[in-house]
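Subject: Structure for you to look at

Hi,

Here is the structure I promised to pass on. Please open it and keep it on screen while you read my notes below.

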Amino acid sequence: MFENSMWLLVVAGGPLILAIVIAYALLTRRRRGTAERRESERATERLYREEED
């Protein structure tokens, strides 16, 4: 009986825990605002210009 319960835990619990972790990561990740995106674009352009010189 214990072997069946453990196997069920591994087969059903593993993917369930993985799905919960992925959902948590997607819901809590930080999104950049407009000003941050603009500053990032400027910094990228500046780096490319410096690389060309």
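Start with the kink. Helix α1 bends by about 35° at G13. The proline P15 follows shortly after that point. Keep in mind that this is a predicted model.

Now look at helix α1 as a whole. It runs over residues 2-28, which makes 27 residues. From the first C-alpha to the last it reaches 37 Å. At 1.5 Å a residue, 39 Å would be expected, and the helix comes close to that.

Helix α1 also holds V11. That residue helps to make a nonpolar surface patch of about 700 Å². The other members are F2, M6, W7, L9 and V10.

Next, the overall shape. The protein chain has 2 helices and 0 strands. Its C-alpha atoms fill a box of roughly 70 × 25 × 10 Å along the principal axes. How does the radius of gyration of the chain stand against that of a compact globule of 53 residues? The globule would have a value near 10 Å, but the chain has 23 Å.

The surface fits into this picture. Buried residues make up 2% of the 53 residues. The accessible surface comes to about 5,400 Å². Carbon and sulfur atoms account for 63% of that surface.

On to helix α2. This helix covers residues 34-52, and E41 lies in it. Is E41 buried or exposed? E41 counts as exposed, because its relative accessibility is 51% and the cut-off for exposed is over 50%. You can also use E41 to get a feel for distance. E41 and L16 are 25 residues apart along the chain. Their C-alpha atoms are separated by 38 Å.

Last, the salt bridges. How many are there by the rule used here? The count comes to 2.

One salt bridge joins the side chains of E36 and R30, at 2.7 Å from N to O. E36 is partly exposed, with a relative accessible area of 34%. R30 counts as exposed, at 64% relative accessibility.

Another salt bridge joins the side chains of E39 and R42, at 3.5 Å from N to O. Why can these two be on the same side of a helix? In an α-helix there are 3.6 residues a turn, so residues three or four places apart point the same way. E39 and R42 are 3 residues apart in helix α2, so about one helical turn separates them. Both are partly exposed: E39 has 39% relative accessibility, and R42 has a relative accessible area of 45%.

To find your way around, begin at G13 in α1, where the kink lies. Then move to V11 and the nonpolar patch. Finish in helix α2 with the pair E39 and R42.

Best wishes

Methods. Residues numbered from 1 in each chain as written. Predicted model: local features only at pLDDT ≥ 70, side-chain atom pairs only at ≥ 80, totals over all residues. Heavy atoms only, no water. Helix = DSSP H or I, 4+ residues; strand = E, 2+ residues; numbered from the N terminus. Expected span 1.5 Å × (residues − 1). Bend = angle between axes of the 7 residues up to and from the residue. Patch = residues over 30% accessible without salt bridge, like charges linked within 9 Å, V, L, I, M, F, W, Y side chains within 5 Å. Areas by Shrake-Rupley, 256 points an atom, 1.4 Å probe, with all protein chains shown as cover. Salt bridge = Lys/Arg side-chain N within 4 Å of Asp/Glu carboxyl O. Rg over C-alpha atoms; globule rule 2.2 N^0.38 Å. Buried < 20%, exposed > 50% of the residue type's maximum accessible area, 1.4 Å probe, protein only.
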